Amino acid sequence: MPREISLIVIHCSASPNGDSLFRGTPGTPSQITPAQTIDAWHKARGFKRDAAMCRIWNPDLRSIGYHFVLYSNGAVATGRAPAEIGAHVAGFNQKSLGVCLVGTDRFTSAQWDSLRVLITGLQKSYPSARVVGHRDLSPDTDGDGVVEPREWLKICPGFDVAAWIAGGMQAISAHLQED
Ligand SMILES: [Zn+2]
C-alpha cells in the first residue's frame with residue numbers, strides 16, 4: 001500500500017556553500033557521491049534504513065534519511081524510496097518526504113531549476129501534500145499561529161519556502177551560489 005504523504009519537507013545539508021560533497025577522484029572507484037557522503041553522516045548519527053527496502057532501492061545507501069538529494073550540478077539523486085519512512089524531521093517523518101539541497105543557504109541555478117522541477121512533479125503525485133521548509137515545522141511556542149524566526153529550531157533550508165512558492169519557484173537571488 002502506498003504511504004500517505006501530507007508533507008514535502010525541504011532541507012539543506014548544512015555543509016559549506018560551494019562544497020559539492022563529491023569526494024575522491026572523479027571517474028575512479030574512489031569517488032564518493034554527495035548522497036554517499038550524507039549517508040555516511042547519517043550512519044554516524046545512528047540512522048538505519050529498513051533492510052528489505054534497502055535490498056530493492058539504493059542498496060549502497062544504508063542510512064540516509066532523505067528521499068531526494070539535489071546536487072550542486074543539478075543532478076537529483078534518490079535516497080530512501082518514497083514508500084519508505086524517512087528520517088529528516090522529528091515528529092513528521094511518518095507522512096512526509098524529505099528533499100535535501102546540498103549547501104547551507106546558497107544554491108546553484110542548476111539546483112534551483114532541479115528543485116522547481118522535482119517539487120512540481122511531487123505536487124502532481126501528491127496533490128494534497130503541503131510543501132514546507134524544515135524550519136517551518138518548528139513548534140509555534142507562543143501559539144500565535146506563525147512560526148517566527150526566533151522560534152526556528154534550525155535555519156534549514158536557509159530560505160523562505162513559502163515565499164519561493166509564491167514567487168513561482170524561481171531562484172532567489174540572495175540565495176544564489178555561483179558555480
Ligand atoms: Zn532540515
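This is a short talk on a zinc site and some aromatic pairs in one structure. Keep in mind that the model is predicted.

Let's start with the zinc ion. Which residues are its protein donors? They are H11 through ND1, H134 through ND1 and C156 through SG. These donors lie 2.0 to 2.3 Å from the zinc ion. In sequence, the spacing of the donor residues reads H-x122-H-x21-C. So where do the two histidines sit? H11 is in strand β1, residues 7-12. H134 is in the loop between β5 and α4. That is 123 residues apart, so this pair links distant parts of the chain.

Buried or exposed? H11 has a relative accessible area of 1%, so it is buried. H134 comes in at 13%. The cut-off for buried is under 20%, so H134 counts as buried too.

Now the aromatics. The structure has five aromatic pairs. Take F107 and W112. Their ring centres are 5.7 Å apart and their planes are at 75°. Edge-to-face means over 60 degrees, so this pair is edge-to-face. Both F107 and W112 are buried.

F107 also pairs with F159. The centres are 6.1 Å apart, with 70° between the planes, and this pair is edge-to-face. It links distant parts of the chain, with the two positions 52 residues apart. F107 is in the loop between β4 (96-101) and α3 (109-125). F159 is in the loop between β5 (130-133) and α4 (161-166). F159 is buried, as is F107.

Put the rings together. F107, W112, F159 and W164 form one aromatic cluster.

Note on methods: Residues are numbered from 1 along each chain as its sequence is written. This is a predicted model: local features need pLDDT of at least 70, side-chain atom pairs count only at pLDDT 80 or more; totals for chains, interfaces and linings use all residues. Side-chain values use heavy atoms; hydrogens and water are left out. Rings of Phe, Tyr and Trp (its six-membered ring) pair if their centres lie within 6.5 Å; planes under 30 degrees apart count as stacked, over 60 as edge-to-face and the rest as tilted. Buried means under 20% relative accessible area, exposed over 50%, partly exposed in between (1.4 Å probe, protein chains only). Helices (H or I, at least four residues) and strands (E, at least two) are DSSP runs, numbered from the N terminus. Donors are N, O and S atoms within 2.8 Å of the metal (3.2 Å for Na, K and Ca); water is not among the atoms, so sites may look incomplete.
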